[in-house]
Amino acid sequence: MARPVKKTQQQWKNEILNAAQNLFITKGYQKTSISDIMKEVEGAKGMFYRCFQSKEEVMQELGNQMFFHNNPFEEIKKRTDLNGLQKIKELLLLNQSDTKRNDINMQAISILKDPHILASAIESNRKVLTPLWYELLEEGKNDGSIQTEYTKELSELLPLINFWLLPSVYHATADEIYHKYCFIMEVLCHMGLPIIDDSMLLSDKKIFTDAVEK
């Protein structure tokens, strides 16, 4: 009789992430326990702690994994029919259409109350997103679709906007967050980056109501 193949730690890690993703989306992050996750993968709790330090770490890694698996920046680079500004607008639409990742991001709002997790998330965004934004902004500046001398500054600002809008970081009602969002879009427009039109502003309002509820 053949012995069952022993899973590697990486295999366990992948299975835990897959199970956590399904549970966070269907059951909710707060209502999902480590025991729930390990029950799904038929593993002991000790194996969880060999792979991750906490449920919060699972959420962080899951968000990163989902981004790199379906990176909208890489997808938009292939579009030779769009100028820089059009690529950025299309990028925002692609980002909104990734419902699974957006759901996970919504679930993650509560853990960003932890200053250590918040600092880690900001640093991750700085390292990953700032260079990607800079490349797109420079393309738009070079082809004339973006009129600004502040591509470097904008590339550093854009990844920070979401944190400023989070009610877990800066307490605010849905209406107050939406007002801040309109302010940011107006500032970006004056900086030569008109990325949102009125119809998109209206469709985005529900996002802030959901964020406050989370």
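In this predicted model, Ile16 is in contact with Ile37, Met38, Val41, Phe48, Cys51 and Phe52, leaving out residues up to four places away in sequence. Ile16 belongs to the largest nonpolar core, a set of 31 residues. Together with Phe24, Ile37 and Met38, Ile16 touches the most other members of that core. Two or more residues of the core come from each of α1 (9–26), α2 (34–41), α3 (45–51), α4 (55–69), α7 and α8 (115–143). Helix α1 gives the largest share, 7 residues. A second core, separate from this one, has 26 residues, among them Leu85, Ile88, Leu91 and Ala172. In soluble globular proteins, nonpolar side chains tend to be buried together.

These cores sit within a protein of 11 helices and 0 strands. Along the sequence the pattern is accordingly written α-α-α-α-α-α-α-α-α-α-α. The protein has 214 residues, of which 42% count as buried. Its exposed surface amounts to about 12800 Å², and carbon and sulfur atoms supply 53% of that area. Among contacts with a separation of 6 or more, 65% are between residues 24 or more positions apart.

The arrangement of the helices can be followed pair by pair. Two packed helices are described by the angle between their axes and the distance between the axes. For α1 and α7, the axes come within 10 Å and cross at roughly 75°. Because angles of 65 to 115 degrees count as roughly perpendicular, α1 is roughly perpendicular to α7. On the α1 side the contact is made by Gln21, Phe24 and Ile25, and on the α7 side by Lys100, Asp103, Ile104 and Gln107. The contact of α1 with α7 is mixed in class, with 3 nonpolar, 2 polar and 2 charged residues. Phe24, which takes part in this contact, is also one of the four residues that touch the most other members of the largest core.

Helix α7 (residues 99–107) also meets helix α6 (residues 84–97), and the axes of these two helices come within 5 Å and cross at roughly 75°. Helix α6 is therefore roughly perpendicular to α7. Asn95, Gln96 and Ser97 of α6 are in contact with Thr99, Arg101 and Asn102 of α7. By class, the residues of the contact of α6 with α7 comprise no nonpolar, 5 polar and 1 charged.

The pairing of α9 with α10 has another geometry. These helices pack at an angle of about 170°, with their axes 10 Å apart. Angles over 145 degrees count as roughly antiparallel, and α9 is therefore roughly antiparallel to α10. Leu154, Leu157, Leu158, Ile161, Trp164 and Leu165 in α9 are in contact with a set in α10 consisting of Ile177, Lys180, Tyr181, Phe183, Ile184 and Leu188. The classes in the contact of α9 with α10 are 11 nonpolar, no polar and 1 charged.

Leu158 illustrates the setting of a residue in α9. Its relative accessibility is 11%, so Leu158 counts as buried. Setting aside residues up to four places away in sequence, Leu158 touches Trp133, Leu137, Leu188 and Leu193. Leu158 and Ile184 are 26 residues apart in sequence, and their C-alpha atoms are 9.8 Å apart in space.

Between α9 (151–165) and α10 (174–190) runs a loop that contains Tyr170. With a relative accessibility of 44%, Tyr170 counts as partly exposed. Beyond its neighbours within four places in sequence, Tyr170 is in contact with Phe163, Trp164 and Lys180. Of these, Trp164 and Lys180 also belong to the contact of α9 with α10. The C-alpha atoms of Tyr170 and Lys113 are separated by 9.9 Å, although the two residues are 57 residues apart along the chain.

A further loop residue, Glu42, lies between α2 and α3. Its relative accessible area is 73%, so Glu42 is exposed. Most residues other than glycine have a negative phi. Glu42 is not a glycine, yet has a positive phi of about 55°.

Key: Residues numbered from 1 in each chain as written. Predicted model: local features only at pLDDT ≥ 70, side-chain atom pairs only at ≥ 80, totals over all residues. Heavy atoms only, no water. Axes fitted to C-alpha atoms, helices over the stretch in contact; angles between N-to-C directions. Helix = DSSP H or I, 4+ residues; strand = E, 2+ residues; numbered from the N terminus. Parallel < 35°, antiparallel > 145°, perpendicular 65-115°, else oblique. Contact = heavy atoms within 4.5 Å. Nonpolar A, V, L, I, M, F, W, Y, C, P; charged D, E, K, R; others polar. Core = buried A, V, L, I, M, F, W, Y, C linked by side-chain atoms within 4.5 Å. Buried < 20%, exposed > 50% of the residue type's maximum accessible area, 1.4 Å probe, protein only. Areas by Shrake-Rupley, 256 points an atom, 1.4 Å probe, with all protein chains shown as cover.
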